[in-house]
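Colleague: Could you walk me through one helix of this protein? I'd like to hear how each label is earned.

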Amino acid sequence: MRDCRTRIEWFLRQCRLVGWLAVLLGVAAPAAWADVFVYRDAGGVAHLTNVTPKKNSGYTLFQKSALTAPKAWHDGFQILPRLDIHTYDDEINHYAKQYGVDPTLVRAVMHAESAFNPNAVSAAGAGGLMQLMPQTAARFGVADRFNPSENIAGGVAYLAFLLDLFKGNQKLAVAAYNAGEGAVQKYDGVPPYNETQHYVSRVLDLHQRYSDLAKKAAQN
């Protein structure tokens, strides 16, 4: 086991070294920033690769690339990147109408969760555009969290459920999207978690900004 750990640590050190060299030299380093997958053979030896493996190959995800991690998780949901009013517009409008949710709220949540990256994966294991946990995806019938349309459908369905649960209170629904409905019910309000409080502020701010843009577009 110690030998396996040593090999893994060596591999990751090499990836980081290549990445820093690439930064210093001003060149790309796809290998350094790719996802890392691991497979342990019958002898317990760990085999590592940065090439996405085929299904049923025995390889499992070992470490996510910084490029596929949600941007918001790195800045604590405090920085507001540039607004995006076009990406996944058809899907957002379709499912927002289907579930009776404000499309600008959906876009705000997607913006905060993944910055519109369909391959985003958080440290906790949430994945896709709306950052669905595996159990949430299963709960709302999402088979592939990294399929944009399925992910948006599941995320909007979950938002609709939360808005109904909290009687249309967007602040509580957004807090529950981040921390879970149980936490919001436990504290009878936004839970006292720094991440959740920053998240709620960010999403509501984004929602206002997207709503303002939508109103201006409707007037033109």
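Colleague: How do you know that the span of helix α7 agrees with its 18 residues?

Modeller: First, a word on the source: this is a predicted model, where local features need pLDDT of at least 70, side-chain atom pairs count only at pLDDT 80 or more, and totals for chains, interfaces and linings use all residues. Residues are numbered from 1 along each chain as its sequence is written, and side-chain values use heavy atoms, leaving out hydrogens and water. Helices are DSSP runs of H or I, at least four residues, numbered from the N terminus. The expected span is 1.5 Å times one less than the number of residues. For α7 (residues 148–165) that gives 26 Å, and the end C-alpha atoms are 25 Å apart, so the two agree.

Colleague: Which residues in α7 are called buried?

Modeller: Buried means under 20% relative accessible area, with a 1.4 Å probe and protein chains only. Among those in α7 are Asn151, Ile152, Gly155, Tyr158 and Leu162. Their cover includes α4, α5, α6, α8 and α9.

Colleague: What in α7 meets α8?

Modeller: Contact means heavy atoms within 4.5 Å. Gly155, Tyr158, Leu159, Leu162 and Leu163 in α7 meet Gln170, Ala173, Ala176 and Tyr177 in α8.

Colleague: Why is α7 called oblique to α8?

Modeller: Their axes, lines fitted to C-alpha atoms over the stretch in contact, with angles from 0 to 180 degrees between N-to-C directions, cross at roughly 130° and come within 9 Å. Under 35 degrees is roughly parallel, over 145 roughly antiparallel, 65 to 115 roughly perpendicular, and the rest oblique. Therefore α7 is oblique to α8.

Technical notes
Helices (H or I, at least four residues) and strands (E, at least two) are DSSP runs, numbered from the N terminus. Buried means under 20% relative accessible area, exposed over 50%, partly exposed in between (1.4 Å probe, protein chains only).
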